[in-house]
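Hi,

Here is the model I promised to pass on. Have a look at it first, and my notes follow underneath.

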Amino acid sequence: ASEDFLDFVGRTGSPAHTVAEAKKRLLAAGFVELSDVWDMKPGGTYFITKEGTSICAFGVGGAFDASKGGVVIAAAHTDSPCLKLRPCSKMPSSAGMLQIGVDTYGGGLWHTWFDRPLGMAGKVICATKEGMEEVLVRVEEPICLIPNLAIHLKNEKERQAFSPNKENELQPVLCPPCGSSLSSANAAKDDKEDESQRRHHEELLEVVAESAQVDAADILDVDLCLMDSTPPCRIGAFVSTPRIDNVLSTWAAFDGLIMAVEEEAFQKSTDLMVAASFDHEEVGSVSAAGADSAVLERWLNEALQALVSRRFSDVVARSFLLSCDCAHGLHPNYMSKHQAQHQPILGKGIVIKSNSNQRYATTPILAQMLRKVGEVSKVPLQEFVVRNDCPCGSTIGPLLSAQLGIRTVDVGAPQWAMHSCRESAHQDDVQALRDLCKGFFQSFRSVDSSTKTL
């Protein structure tokens, strides 16, 4: 499973690429893409995307029954903290170097981006005869570098705590390929650059155009994320790669769904199984493609209307959401950062995340229901709460739980270096998360049917 995940994450680099890889796998598994007309039936598998950066897939149980079953959802997010090109990325030459202007996206560990070979991934907007279109682009070869300042040039205070100014000291140096030159056609237009050339270095547009297999002159604008260009790898039993948070959860949710619908039991299921992953979680989820929008509820209503002329509110009492987002694994050098009785260890199973202040949506009864799912699925589970003297992050779990009124548990694979340019996890937890998602789709209904609540 870990090799499959490394192959998946190694083809990403932006939310659009994460969605593209998930879409490719869904199509290969026979899922049908939905558009304006939702034609769905029991036993069918479908998916839909939003703005190319959010995606939702459906597996309609062969015995789907809105009066007996419900909607079981595994949800994640497609974005990760990164450096994004600004609308006007062209910066004046400094120290004889070309530089590009970037925004910090999300809460990254920005010092980890220094001295790394950086590529780019995202979308370019290109002119066509009919108007314009978006094209995926992934520049795998290193094209940028953010060099550190030598220790000899730092004062004592700067040596003690490396805290770069995000506006002045985090702007990458553009490193176009050796021997590259501007085409004669573009050189002739130096005195009358088009708008995109005024806003972005021509050297950058040339490299992007070559990777996207388009003409640089047709590029109207870009939507690009910088990424670590060093390929994902294994280090013993560990995986080392960018974007574990939260491409790992997206991969697990969608692969878990694909595996669940391929088994015989799917034809006897009374549930609507759903895997979804949304953009913009790292910046609050408030967007048209984010989880804090009307999009998931609309998709669920469309699906139920197409199947049985019902709405999600009719089945919410029998529905459940598994909010999948990575968890903080116990760090051997910083063990005191974890609460003493809640120390999830890498390689020892998936983490149930709880927070009394509702930064996570988990409650005791819901956590116990998930433990039963884990038991049936043979997936070990661990517990995490943040220390009282530490801030607690959050996920899409609480906001979707509040929006939809759906029972929700927050879970995740334990990892190290969350929000670093490159993160680490254990191969056993990679497989365990996929197994948990698959087992959740398959066994939740029996667990729910045997549970009585107040």
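To start with a small puzzle: does Cys-421 count as buried or exposed? At 3% relative accessibility, Cys-421 is buried. Before you go further, bear in mind that this is a predicted model.

While we're on cysteines, you'll find 0 disulfides here. Cys-421 isn't in one, and the nearest cysteine sulfur to it, in Cys-82, sits 9.9 Å away. Cys-324 has a partner at a shorter range to check: its closest cysteine sulfur belongs to Cys-437, 4.1 Å off. That is still too far for a bond, because a disulfide needs the two sulfurs within 2.5 Å. Cys-324 is buried as well, with a relative accessibility of 2%.

Next, the pocket. The largest one holds about 1100 Å³ of space. There are 38 residues lining it, and those closest to the centre are His-328, Pro-391, Gly-393, Met-418 and His-419. Three elements put two or more residues into the lining: strand E15 (327–328), helix H10 (396–404) and strand E19 (414–416). H10 has the largest share, with 3 residues. If you sort the lining by class, you get 17 nonpolar, 14 polar and 7 charged residues.

Then there's the packing. The largest nonpolar core has 54 residues, and the members that touch the most others are Phe-5, Leu-248 and Phe-441. Helix H7 (residues 244–261) supplies the largest share of this core, 11 residues. Leu-248 is a good place to zoom in: leaving out its neighbours within four places in sequence, it contacts Phe-5, Arg-243, Cys-326, Ala-413, Val-430 and Leu-433. So if you're following Phe-5 through the core, you'll meet it again in that list.

One last stop is helix H6, which spans residues 202–212. How many of its 11 residues are buried? The count is 8, so the helix is mostly covered. The buried ones are Glu-202, Leu-204, Leu-205, Glu-206, Val-207, Val-208, Ala-209 and Ala-212. You'll spot two glutamates in there, Glu-202 and Glu-206, alongside the leucines, valines and alanines. Right after H6 comes Gln-213, where phi turns positive, at about 60 degrees.

That's what I have for now. Shout if you'd like to go through any of it together.

Cheers

Methods:
Residues numbered from 1 in each chain as written. Predicted model: local features only at pLDDT ≥ 70, side-chain atom pairs only at ≥ 80, totals over all residues. Heavy atoms only, no water. 1 Å grid on protein atoms, 1.4 Å probe; cavity = no way out; pocket = protein on both sides within 12 Å on 5 of 7 lines; lining within 4 Å. Points joined across faces, edges and corners; volume = space filled by probe spheres on them. Helix = DSSP H or I, 4+ residues; strand = E, 2+ residues; numbered from the N terminus. Nonpolar A, V, L, I, M, F, W, Y, C, P; charged D, E, K, R; others polar. Core = buried A, V, L, I, M, F, W, Y, C linked by side-chain atoms within 4.5 Å. Buried < 20%, exposed > 50% of the residue type's maximum accessible area, 1.4 Å probe, protein only. Contact = heavy atoms within 4.5 Å.
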